[in-house]
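The following note is meant for a colleague who is meeting this structure for the first time. Please read the points below with the sequence and the model at hand.

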Amino acid sequence: RPPRPSAHVLDLLPGGRVGPHVDSVKFCGCTIAGVSLLSPSVLRLQSLRDARDWLELLLEPRSLYILRWVWGSSGEPPG
């Protein structure tokens, strides 16, 4: 799928956080990006199938992390 022409942007106060949630592929596409401008932050990705399967990424100031997944021939997200 081509990238969506729009983006969700959150500007958090110091100490602010975004709680656990699931983004809809229908509205957000198949790309996740994390950016840290002025201070380090942690991006945590967790499996929907097994909560014990997770990954934390340290985003240093002025860094960008992009994750794009490609699905099988059906074009549908894994189920």
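1. A residue is called buried when its relative accessible area is under 20%, exposed when it is over 50%, and partly exposed in between. By this criterion, 13% of the 79 residues of the protein chain count as buried. The reader should keep in mind that the model is a predicted one.

2. On the surface as a whole, the accessible area of the protein chain is about 7,000 Å². Carbon and sulfur atoms contribute 59% of that surface.

3. As to secondary structure, the protein chain contains one helix and four strands. Their order along the sequence is α-β-β-β-β. Among contacts in the protein chain with a separation of 6 or more, 48% are between residues 24 or more positions apart.

4. How many salt bridges does the structure hold? There are two. One of them joins the side chains of arginine 44 and glutamate 56, with an N to O distance of 3.1 Å. Arginine 44 belongs to strand 2 (residues 41-46) and glutamate 56 to strand 3 (residues 54-59), so this pair ties together parts that lie 12 residues apart in sequence.

5. Are the two partners of this bridge buried, exposed or partly exposed? Arginine 44 has a relative accessibility of 41% and therefore counts as partly exposed. Glutamate 56, with a relative accessible area of 42%, is likewise partly exposed.

6. The other salt bridge is formed by aspartate 50 and arginine 52, whose closest N and O atoms are 3.1 Å apart. Aspartate 50 is partly exposed, because its relative accessibility of 28% falls in the range between the two cut-offs, under 20% for buried and over 50% for exposed. Arginine 52, at 72% relative accessibility, counts as exposed.

7. Leucine 64 also merits a reader's attention. This residue is located in strand 4 (residues 63-68). Is leucine 64 buried or exposed? Its relative accessibility is 57%, so leucine 64 counts as exposed.

8. Which residues does leucine 64 contact, leaving aside its neighbours within four places in sequence? They are Ala33, Gly34 and Val35. For valine 35, the C-alpha atom is separated from that of leucine 64 by 4.4 Å, although the two residues are 29 residues apart along the chain.

Key. Residues numbered from 1 in each chain as written. Predicted model: local features only at pLDDT ≥ 70, side-chain atom pairs only at ≥ 80, totals over all residues. Heavy atoms only, no water. Salt bridge = Lys/Arg side-chain N within 4 Å of Asp/Glu carboxyl O. Helix = DSSP H or I, 4+ residues; strand = E, 2+ residues; numbered from the N terminus. Buried < 20%, exposed > 50% of the residue type's maximum accessible area, 1.4 Å probe, protein only. Contact = heavy atoms within 4.5 Å. Areas by Shrake-Rupley, 256 points an atom, 1.4 Å probe, with all protein chains shown as cover.
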